[in-house]
Structures are given as structure tokens and as C-alpha cells.
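Let's take a walk through this fold, starting with its sheet and ending with a bit of empty space. Have the model open so you can follow along.

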Amino acid sequence: MNLSLEYKIQEPKVILDKNPLLLLLHGYGSNEADLFSFASELPDNYYVISARAPYDLQYGAYAWYAINFDADQNKFSDNEQAKTSRDRIASFIDELVANYPIDANNVTLIGFSQGSILSYATALSYPEKIQRVVAMSGYFNEEIIKEGFENNDFKNLKIFASHGTVDQVIPIDWARKTPAILEKLNIPVVYKEYPVGHGVSPQNFFDFKNWLIG
């Protein structure tokens, strides 16, 4: 079926009337096969769907938004593209719920790096669509969240955030600011750090999987 984003899907092994969804969002320059590689390790009752970001970089590499450099090699994000992707993810969730027997009240986003930044933005802009977020190696970028998001109802939202202490791509200091922001919005957050770079350690995987089941 033709949905608005390309994706890979693993059907649940345990079929319910409606099954929960884990939607995987990859990082910059990657693709939908990346996080999907651990789909078989995830709980049996979920639809596991890995989405491909809409912006084509080259040779199987995609992005949720462009990252540009100025003359002094300062990085800056294309926030308008990020907002477009945020809304596309929200629409994609609606499409998945319409086309598969997915429980609309049990949707989890699992994002890595740029996918993690988008997971925060989508969940806080559309908390009625998303119940849980696993945000790995990303950070909270308020500039790409819908205006007035502070007034949204977050009572059904929970977040697991993690980061590598020696991440050279996204500084740990950016991630460390996130828990306080979420707590101010009364969103329950579990925040963990691991002695790794920009990647997902086995312990990180184990911890978020337990958090999902818990």
C-alpha cells in the first residue's frame, strides 16, 4: 500500500484485536533498515515499523531535515524542513492506524539522533497520537515544536531518554537539559547515560526494552 513515507514492517507475532505500534525513526544520513535491524529483539505483540525520512541525500542516505554549515563551520538545522517532517510523521501515524489493526492509544516512537529530535517534536506537538517516546542520542529542540505546545495535555505521555557520555556528534550537555524541561511540563522521564559515543549500547537497548514492557 502506498503511504506517505517509505517503511519496513514487522507484523506482531501475537495477534490482538488491535496491536500496539513501535515506530522507528532513524538518524541523519541513514535509512529505514538501520534501526529495523533490532526489530526481531523487540516485544512480540507490537507492529514494528521503521520509517524512511523524506529528504534524499544520496545512495540510500536520508534526512528528516537538512543540516547546513556556514563559512565558520557552524552547524545549523533547517527548522522549516524539521517542522514539515514533524507533521508528516503525525500524518503517517494516522495512515498506519487507518491501514493496519493498530491500537491508536498505544503508539511509541523510538528515535535515534535526528529521529530522536523529531520524536520529541512530534510527541509534544501531537500528544494525543503518541503515548511513549524512546529518545536516544538526541535533544529537545523547542524551535521545531508547534507553537503553544506548553498548553497541550501530556497526561498520557512518558519518555525514556538516553545519551552516550562521549558522543562527539551531539554534545551530552544538550541532552542533560532535557529532563528538567520535561519535568516542568509534568511529563514523566527516565534519563540514562552510557559510556559510549554516538550509538546505542547493548545496555541502552536492554534498558529501554525493559522500560517498554514495564
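How many strands form the open sheet, and in what order? Keep in mind as you look that this is a predicted model. There are 7 strands, and they run in the order β1-β3-β2-β8-β9-β10-β11, with mixed pairing. At the edges sit β1 (7-10) and β11 (189-194), each of which pairs on one side only. Going from one strand to the next, the twist averages 15°.

Now zoom in on one pair of strands. Strand β8 (residues 102-112) pairs with strand β9 (residues 132-136) in the parallel sense, over 5 bridges. If you want a spot to click on, try L109, which stands opposite V133 in β9.

Next, pick up helix α2 (residues 79-99). Helix α2 lies across β1, β2 (19-25), β3 (47-51) and β8. Against β2, helix α2 runs at about 145°.

So much for the strands and that helix; what about the empty space? Rolling a probe the size of a water molecule over the atoms shows where empty space is left. Searching the whole structure turns up 1 cavity of 30 Å³ or more, and about 40 Å³ of space lies in it. Its lining is made up of S116, Y120, A135, S137, G138, A161, S162, H163, A175, T178 and Y191. Two elements, α3 (114-125) and β10 (158-164), give two or more residues to that lining, and β10 gives the most, with 3 residues. As for chemistry, the lining residues divide into 5 nonpolar and 6 polar, with no charged ones.

How values were computed. Residues numbered from 1 in each chain as written. Predicted model: local features only at pLDDT ≥ 70, side-chain atom pairs only at ≥ 80, totals over all residues. Heavy atoms only, no water. 1 Å grid on protein atoms, 1.4 Å probe; cavity = no way out; pocket = protein on both sides within 12 Å on 5 of 7 lines; lining within 4 Å. Points joined across faces, edges and corners; volume = space filled by probe spheres on them. Helix = DSSP H or I, 4+ residues; strand = E, 2+ residues; numbered from the N terminus. Nonpolar A, V, L, I, M, F, W, Y, C, P; charged D, E, K, R; others polar. Pairing = 2+ DSSP bridges. Axes fitted to C-alpha atoms, helices over the stretch in contact; angles between N-to-C directions. Contact = heavy atoms within 4.5 Å.
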